[in-house]
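This report walks through a structure for a reader who is meeting strands, helices and salt bridges at an early stage. Please keep the model in view while reading.

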Amino acid sequence: MVEVREAPERHESTGARPSAIVVRGMSKAYGKVQALDDVSLDVAAGTIHGLLGPNGAGKTTLVRILTTLLPPDSGRAWVAGFDVAREATQLRSRIGLAGQSAAVDEYLTGRENLELVGRLYHLNRSTAERRAAELLERFDLTEAADRRSKTYSGGMRRRLDLAASLVADPEVLLLDEPTTGLDPRARRELWAVIRQLVSDGTTVMLTTQYLEEADELADRITVVDLGRVIAEGTAQELKQRTHGDVLSVVVEDSAQADAALGVVARHGSGDARIDADGVTVTMPVAGGAAKLAAIIRDLDSGGVAISDIGVRRPSLDDVFLALTGHTAGADRED
Ligand SMILES: Nc1ncnc2c1ncn2[C@@H]1O[C@H](COP(=O)(O)OP(=O)(O)O)[C@@H](O)[C@H]1O
Ligand SMILES: [Mg+2]
């Protein structure tokens, strides 16, 4: 039995910002695969929320439920104040969805794509044309507007896809891995566009596999793994759960990895481990840089030859390892 707490008011007059997305006890299975397992989260209106997790975590499943494309098995959710199951029709005109699998018809021009979406939303012809022109301008696609989108770069297609999701001026925008597969420059350009949207008042929930992306964009992050919420907080809060920095030592010969592990472990409080490559020893550390000199000395006197040593900010893998005990890249076991 799922307990439903604090169903949101559609119009909230006082107090903190109203929630644009509320999810309570959401579960969904595909046969034996439990894609979502009792997921709850809140996204404040006017913010960017990151749903961070590796492949197979259940991100797309949640996005599909929140955009009314998939019914949940149990649990409830409200988006822009509307129940995703019971008020799907009213909800659809208030949300936008964009993501990896671009909903762009590549045989149409950019302009034609946007005008078509406008007509699907029942805008009249002149309104659809005006809206398309505005969005082309805003996403820096005016020059390419009358070329078939087939000829667009990956970054341009993502911008067009995002523009298409905005035709009906949604209150809440769901972006499913919007930058996966883009080069760093195109990714940064898209980040700027997303930031701009939120500063104009749109609420965004974005799924990503990249801690860096969540870090750059999200006000708050929900970390999911194997269908469950394993952590929630700001990027800063999540990174602190890995005890600050990560120290890594690369040995020249994998036969000395265990010896290096022993030395490193003596200098830390966290868990030292040998990476899958067999030559890299990593350990979460606080004040890592100060420990470097002592560790180098001990490795040297222990006769351990190293090819690299350094301290870096935690990666998604480190955060995952700290939270789950396994790396983000590990395949789920079904
Ligand atoms: N249509 C489907 N039929 C069967 N299993 C599915 C289907 N869609 C997703 N899954 C499984 O559900 C889990 C969650 O998938 P998904 O929501 O796509 O995760 P993510 O978007 O985080 O990669 C995965 O194990 C995936 O293989
Ligand atoms: Mg996905």
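What follows describes a predicted model, beginning with a sheet and the helix beside it, and then turning to salt bridges and to some backbone angles.

**The sheet and its strands**

An open sheet is built from 4 strands in the order β2-β1-β4-β5, and the pairing in it is antiparallel. The edges of this sheet are taken by β2 (33-44) and β5 (82-83), and because each of them has a single partner strand, one side of each is left without a neighbour in the sheet.

Strand β1 (19-30) can be followed to both of its partners. Towards β2, which runs antiparallel to it, β1 is joined by 8 bridges, and as an example of these pairings Val23 has Leu41 in β2 as its bridge partner. Between the strands of the β1 and β2 hairpin there are 2 residues, and in this hairpin Gly31 takes a positive phi near 55°. Towards β4, again in an antiparallel arrangement, β1 is joined by 5 bridges, and here Arg24 finds its bridge partner in Arg76 of β4.

Strand β4 (residues 74-79) is in turn joined to β5 by 2 bridges, with the two strands running antiparallel, and across this pairing Val79 stands opposite Phe82 of β5.

How much of β1 is buried? Of the 12 residues in β1, 9 are buried, so this strand is largely enclosed by the rest of the structure.

**The helix on the sheet**

Helix α1 (residues 59-66) packs on the sheet, where it touches β1, β2 and β4, and the direction of the helix makes about 120° with that of β1. Because 6 of its 8 residues are buried, α1 is, like β1, largely enclosed by the rest of the structure. Which residues of α1 are the buried ones? They are Lys59, Thr61, Leu62, Val63, Ile65 and Leu66. After α1 comes Thr68, and the phi of this residue is positive, near 65°.

**Salt bridges**

The count of salt bridges in the model comes to 21. Three of the pairs are set out in the table, with the distance given between nitrogen and oxygen.

| Basic residue | Acidic residue | N to O distance |
|---|---|---|
| Arg76 | Asp83 | 2.6 Å |
| Arg94 | Glu171 | 3.6 Å |
| Arg111 | Asp146 | 2.9 Å |

The pair of Arg76 and Asp83 leads back to the sheet, as Arg76 is the residue of β4 that serves as bridge partner to Arg24. These two side chains meet in a salt bridge, and together with Arg86 they are linked in a network of salt bridges. Arg76 has a relative accessibility of 23%, so it counts as partly exposed, whereas Asp83 has a relative accessibility of 4% and therefore counts as buried.

The salt bridge between Arg94 and Glu171 links distant parts of the chain, with the two positions 77 residues apart: Arg94 lies in the loop between α2 (88-92) and β6 (95-99), and Glu171 lies in the loop between α5 (154-165) and β7 (172-176). Arg94 is partly exposed, its relative accessible area being 29%, and Glu171 is also partly exposed, with a value of 41%.

Where in the chain do Arg111 and Asp146 lie? The salt bridge that they form again links distant parts of the chain, since Arg111 belongs to helix α3 (residues 110-120) while Asp146 is in the loop between α4 (125-138) and α5, 35 residues apart. In this pair Arg111 is partly exposed, with a relative accessible area of 25%, but Asp146 is exposed, with a relative accessible area of 55%.

**Positive phi angles in two loops**

Two further residues deserve a look for their backbone angles. Asp169 is not a glycine, and yet its phi is positive, at about 55°. Asp169 lies in the loop between α5 and β7, which is also the loop that holds Glu171. With a relative accessibility of 58%, Asp169 counts as exposed.

Leu226, which is not a glycine either, has a positive phi of about 50°. Its place is in the loop between β9 (220-225) and β10 (228-233), and with a relative accessible area of 38% Leu226 is partly exposed.

Methods:
Residues are numbered from 1 along each chain as its sequence is written. Chains are lettered from A and ligands numbered from 1 in the order in which they are written. This is a predicted model: local features need pLDDT of at least 70, side-chain atom pairs count only at pLDDT 80 or more; totals for chains, interfaces and linings use all residues. Side-chain values use heavy atoms; hydrogens and water are left out. A salt bridge is a side-chain nitrogen of Lys or Arg within 4 Å of a carboxyl oxygen of Asp or Glu. Buried means under 20% relative accessible area, exposed over 50%, partly exposed in between (1.4 Å probe, protein chains only). Two strands pair if DSSP finds at least two bridges between them. Contact means heavy atoms within 4.5 Å. Axes are lines fitted to C-alpha atoms, for helices over the stretch in contact, and angles run from 0 to 180 degrees between N-to-C directions.
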